Amino acid sequence: MLRYALLRLLGAIPTLLLVIVLAFLMVHAAPGGPFDDERVLPPETAAALAEAYNLDEPLHRQLFNYLSGLVRGDLGPSYRYRDYTVGELIGHAFPVSLKLGAMAMLLAAVVGVATGSFAALRRNTMLDRVVMTFAMTGISIPVFVVAPVLVLLFAVKLQWLPAGWSGNDGAARFLLPVIALALPQIAYIARLTRASMIDVLATDFIRTARAQGLGTSAIIRYHALRPAMLPVLSYMGPAIAAVLTGSVVVEEIFGIPGLGQFFVRGALNRDYTLVLGIVVFYATLVVLLNLIVDILYGFIDPRIRQR
Amino acid sequence: MRALTDILARMRRNRAVVLSGGLLATIVIVAIIGPMISPHDYLQTDFDNLLHPPSAAGMQIFGTDDLGRDSFVRTMLGVQVTMLVAIVASVVSLLIGVTYGAIAGYVGGRVDAVMMRFVDTLYALPFMFFVILLMVAFERNFLLIFVAIGAINWLDMARIVRGQTLSLREREFVAAARLTGVSTARIIFRHIAPNLIGVVIVYVTLTIPQAILVESFLSFLGLGIQEPQTSLGALVDAGVNQMEGASWMLLIPATLLAVILLCFNFLGDAMRDVFDARSSR
């Protein structure tokens with residue numbers, strides 16, 4: 001098991017390196033520098049700025065500097081928020097996004113698996129069809145449509161919940177953003193669970209369990225759930241990426257000061273180092289989380305480890 | 001030819017295909033014809049008539065926006081742009097995906113292993129962030145949006161096509177072509193590719209909604225289609241800013257976007273059933 005985990009970890013390193021180099025080159029291939037503004041800088045000032053940020057060195061030196069900075073956990077200075085480093089900005093904003101994302105993932109996993117199993121047990125009934133139509137709708141409708149409509153309904157019209165982040169505290173302000181973020185994932189996980197649960201329920205070992213007189217809930221809990229979870233678990237990687245992407249929109253709509261909001265601001269302000277830093281950070285996060293999912297997969301399904 | 005009529009017949013019998021296909025066709029036709037017969041155009045502002053609620057008077061059935069522009073014409077323009085971007089982006093992803101998948105599947109061996117490992121690697125990345133990075137680094141223009149969206153949606157296509165190619169290359173007609181000295185490139189494009197059409201059609205139907213999603217996501221954030229041009233994503237964004245006083249500005253484009261995406265997804269699912277039925281016969 002340890003060997004498997006270590007091998008996986010080693011395999012992730014080239015991926016990460018590729019991502020970082022790619023993102024770095026993309027930013028540096030951009031026409032125009034980070035200090036291009038409406039007013040033209042005098043050449044001396046431009047040269048001094050370039051020197052201060054090491055932009056006058058050849059590209060491979062800059063890349064090397066960036067990579068060696070990364071190893072030390074240094075993502076460089078922000079071009080727009082002049083008093084902060086990118087690392088500080090991420091450290092400041094990420095906890096909020098993490099909380100939001102973790103809650104959404106948890107909600108999606110619990111509700112999705114429950115709904116999917118429920119539909120699988122009542123396969124081809126009216127209830128199953130209704131649930132699956134809802135799931136299809138949930139998958140199709142993007143977060144940036146769901147979120148504003150939820151705000152319009154629950155915050156503007158009914159006034160049950162706060163629409164914004166600032167000026168409110170407590171759990172209530174988390175409710176709408178988390179639901180908006182989780183909804184598409186609930187739908188997807190429900191569909192996956194239903195499909196794989198139906199497959200599992202048709203296998204011989206379930207028939208045997210049933211023949212021994214086990215009740216439905218015991219069959220699900222002790223025999224069917226674990227094998228049925230495998231496709232769901234392998235969806236966790238893409239789900240994490242989707243939730244991170246969705247949180248960019250959700251943070252924008254609800255005015256949550258998380259990493260996604262910084263990312264969009266940085267993108268609109270052409271704050272290259274900040275945007276690059278956040279992409280590198282997110283990519284690392286996603287690769288690491290995928291790694292954890294892979295290892296968990298090995299835990300749940302011993303057949304994978306043997307290979 | 002018989003196979004084709006067979007498929008068409010099965011599609012006609014499938015209610016989901018007929019319903020969602022019909023609804024999509026209606027939306028597209030209205031989106032093209034609507035602006036032509038409307039007395040308004042998408043640029044014309046009217047400062048005496050800001051945020052006017054939908055009314056039949058003056059043909060402003062979707063009301064006006066915060067600059068007094070006619071929302072119906074702008075929404076229809078948005079549908080046109082969204083569809084255009086989605087279709088072109090899907091073609092881009094189709095070209096990349098089919099070429100890549102067919103080469104990997106046909107050449108096989110170590111080349112295949114390396115190529116598919118690369119696809120697996122890309123799968124794990126938060127792609128939307130790279131697209132945003134791309135939009136930041138370069139000027140935002142239509143062409144870039146097409147390419148960027150196409151470039152992130154080709155992975156599924158490549159996987160599917162590779163799988164099909166693997167089985168196709170063992171068939172007699174490919175062996176015959178190889179024996180008569182046809183070049184590898186020609187075998188891939190003239191002998192393998194035409195046989196992939198079935199799967200490709202199904203996956204294009206499923207790629208289009210994904211492309212729509214990416215485009216409207218970018219436009220929603222202000223990184224995609226720029227004013228005065230518009231798309232459904234940009235309209236939803238504009239609607240969010242006016243939602244307290246003028247909820248129609250949010251609800252109309254949001255509903256349209258949702259309906260279009262839902263139709264494409266239903267269509268894609270149903271198409272898969274139609275083509276699967278053929279293979280399992």
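Author: Helices (H or I, at least four residues) and strands (E, at least two) are DSSP runs, numbered from the N terminus. The model is predicted: local features need pLDDT of at least 70, and side-chain atom pairs count only at pLDDT 80 or more, while totals for chains, interfaces and linings use all residues. Residues are numbered from 1 along each chain as its sequence is written, and chains are lettered from A and ligands numbered from 1 in the order in which they are written.

Reader: In which helix of chain A does A:Lys157 lie?

Author: A:Lys157 is 37 residues from A:Ala120 in sequence. Their C-alpha atoms are 36 Å apart in space. The element that holds A:Lys157 is helix 6.

Reader: Is A:Lys157 buried or exposed?

Author: A residue is buried with 20 or more other C-beta atoms within 10 Å of its own, exposed with 12 or fewer, and partly exposed in between; C-beta atoms are placed from the backbone. A:Lys157 has 11 C-beta neighbours inside 10 Å, so it counts as exposed.

Reader: How many helices are there in chain A?

Author: Chain A has zero strands. From the N terminus on, its elements are α throughout. The number of helices is 12.

Reader: How many helices are in the secondary structure of chain B?

Author: Chain B also has zero strands. Its C-alpha atoms fill a box of roughly 75 × 45 × 25 Å along the principal axes. The helix count is 11.

Reader: What percentage of the residues in chain B is buried?

Author: For chain A, with 307 residues, the buried part is 38%. Chain B has 281 residues. Its buried part is 46%.

Reader: Among contacts in chain A between residues at least 6 apart in sequence, what percentage joins residues at least 24 apart?

Author: Two residues are in contact if their C-beta atoms, placed from the backbone, lie within 7 Å. In chain B, 69% of the contacts between residues at least 6 apart join residues at least 24 apart. For chain A the figure is 73%.

Reader: How many nonpolar residues has the side of chain A that touches chain B?

Author: The contact takes 38 residues from chain A and 34 residues from chain B. Helices 1, 5, 6, 9, 10 and 11 of chain A each supply at least two residues of the side that touches chain B. That side has six polar and two charged residues (Asp, Glu, Lys and Arg count as charged; Ala, Val, Leu, Ile, Met, Phe, Trp, Tyr, Cys and Pro as nonpolar; the others, Gly among them, as polar). Its nonpolar residues number 30.

Reader: How many residues of helix 5 (residues 127-137) of chain B are buried?

Author: The buried residues include B:Phe127, B:Val131 and B:Ala137. They pack against helix 1, helix 9, helix 10 and helix 11 of chain A, together with helix 6 and helix 9 of chain B. This helix 5 is largely enclosed by the rest of the structure, because its buried residues come to 11 of the 11.

Reader: On which residue is the kink in helix 6 of chain B centred?

Author: Helix 6 of chain B has 27 residues and reaches 37 Å from its first C-alpha to its last. That is close to the expected 39 Å (1.5 Å times one less than its number of residues). The kink is about 40° (the angle between axes fitted to the seven residues ending at a residue and the seven starting there). Its centre is B:Trp154.

Reader: Which helix of chain B gives the most to the largest nonpolar core?

Author: A nonpolar core is a set of buried Ala, Val, Leu, Ile, Met, Phe, Trp, Tyr and Cys residues joined through C-beta atoms within 7 Å. The largest has 166 residues, and A:Ala147 and B:Val131 are among the six that touch the most other members. The top contributor gives 18 residues: helix 3.

Reader: Which loop holds A:Asn124?

Author: A:Asn124 has a positive phi, near 65°. With 9 C-beta neighbours inside 10 Å, A:Asn124 counts as exposed. Its loop runs between helix 4 and helix 5 of chain A.

Reader: In chain B, in which helix is confidence lowest?

Author: Mean pLDDT (the predictor's confidence in each residue, from 0 to 100) is 81 for chain B. Over residues 277-281 of chain B, pLDDT stays under 50. Among the helices of chain B, confidence is highest in helix 7, at 89. The low end, at a mean of 69, is helix 1.

Reader: What ipTM does the model score?

Author: The model has a pTM of 0.80. Its ipTM is 0.76.
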